[in-house]
Amino acid sequence: MQTANHHHVNLAPIYGIIIAVVSIVFTIIFYFTNMSAALWTGYFGNLLMFLGVLFSVIHYNSQHHERTSAMALFAMGFRTTIWAVLIVTLLTIALHFISGAQREDNFWIYLFSNVFFTNGILGLLASVLAAMVFKKDQTTTRPK
């Protein structure tokens with residue numbers, strides 16, 4: 001009899017890094033095209049966070065053949081959020097100092113309100129929504 005080897009990749013750091021890199025790339029593009037002051041660019045970064053966490057939970061759910069609990073789905077989204085927010089925060093601080101900090105523009109207020117707080121809240125919201133949507137019926141976590 002052959003046993004199935006179920007090897008699951010830890011998706012939280014992978015998605016967290018992908019979300020962070022994409023966010024930072026767009027931040028750099030917006031900075032060098034002088035669009036970073038436009039209000040929509042911040043919203044675009046928030047949208048990337050929300051959709052990235054949502055897709056990470058969807059992928060995690062499908063990786064486990066839709067047989068995982070809502071709490072596990074939420075935990076996956078939470079871990080992805082932590083990874084992404086931490087990396088984006090650190091890279092944003094690094095970019096601020098690399099650029100010579102000439103464009104102060106209330107940088108620290110922006111960092112804590114938009115990068116840290118808003119992205120964290122949107123990541124948690126995506127985690128909760130994905131967990132509730134995909135696990136409306138908790139009976140699917142029982143083995144057959």
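The following exchange concerns a predicted model and the grounds for the terms applied to it.

Reader: What makes the overall architecture of the protein α-α-α-α?

Author: The protein has four helices and zero strands. Read along the sequence, these elements give the pattern α-α-α-α.

Reader: Why is Gly42 called buried?

Author: A residue counts as buried under 20% relative accessible area. Gly42 has 18% relative accessibility, and therefore counts as buried. Gly42 lies in helix H2. The C-alpha atoms of Gly42 and Val115 are 8.6 Å apart in space, although the two residues are 73 apart in sequence. For the protein as a whole, buried residues make up 32% of the 144 residues.

Reader: Why is Leu51 described as partly exposed?

Author: The partly exposed class lies between the buried limit of 20% and the exposed limit of 50%. Leu51 has a relative accessible area of 33%, so Leu51 is partly exposed. Like Gly42, Leu51 is placed in helix H2.

Reader: What makes the nonpolar surface patch, and which element gives the most to it?

Author: The patch is made by Leu47, Leu51, Phe55, Ile58, Val133 and Phe134, and covers about 500 Å². The elements giving two or more residues are helix H2 (39-63) and helix H4 (107-134). H2 gives the most, with four residues. Membership requires over 30% relative accessible area; Leu51, at 33%, therefore passes that threshold. As for the whole surface, the accessible area of the protein comes to about 9,100 Å², of which 71% belongs to carbon and sulfur atoms.

Reader: How do you know that the span of H2 agrees with its number of residues?

Author: The expected span is 1.5 Å times one less than the number of residues. For the 25 residues of H2 this gives 36 Å, and the end C-alpha atoms are 37 Å apart, so the two values agree. The buried residues of H2, among them Asn46, Phe50, Val57 and Tyr60, pack against H1, H3 and H4. Just after H2, His65 takes a positive phi of about 55 degrees.

Reader: What is the outcome of the span test for helix H3?

Author: H3 comprises residues 70-98, and its 29 residues should span 42 Å; the end C-alpha atoms are 42 Å apart, so the values agree. Buried residues of H3 include Leu73, Met76, Ala84 and His96. The buried residues of this helix pack against helix H1 (11-32), H2 and H4. Just after H3, Gly100 takes a positive phi of about 90 degrees.

Reader: What makes the largest nonpolar core, and which elements contribute to it?

Author: A nonpolar core is a set of buried nonpolar residues joined through side-chain atoms within 4.5 Å. The largest has nine residues: Leu11, Ala12, Tyr15, Val57, Tyr60, Leu73, Met76, Ala130 and Ala131. H1, H2, H3 and H4 each give two or more residues to this core, and H1 gives the most, with three. A second, separate core of seven residues includes Ile19, Phe50, Ala84 and Ala126.

Reader: Which residues are in contact with Ala130, leaving aside its neighbours within four places in sequence?

Author: With those neighbours left aside, Ala130 is in contact with Leu54 and Val57. Across the protein, among contacts between residues at least 6 apart in sequence, 77% join residues at least 24 apart.

Notes. Residues are numbered from 1 along each chain as its sequence is written. This is a predicted model: local features need pLDDT of at least 70, side-chain atom pairs count only at pLDDT 80 or more; totals for chains, interfaces and linings use all residues. Side-chain values use heavy atoms; hydrogens and water are left out. Patches are made of residues with over 30% relative accessible area and no salt bridge: like charges are joined within 9 Å, nonpolar side chains (Val, Leu, Ile, Met, Phe, Trp, Tyr) within 5 Å. Accessible areas come from the Shrake-Rupley method with a 1.4 Å probe; for residues, only the protein chains shown count as cover. A salt bridge is a side-chain nitrogen of Lys or Arg within 4 Å of a carboxyl oxygen of Asp or Glu. Buried means under 20% relative accessible area, exposed over 50%, partly exposed in between (1.4 Å probe, protein chains only). Contact means heavy atoms within 4.5 Å.
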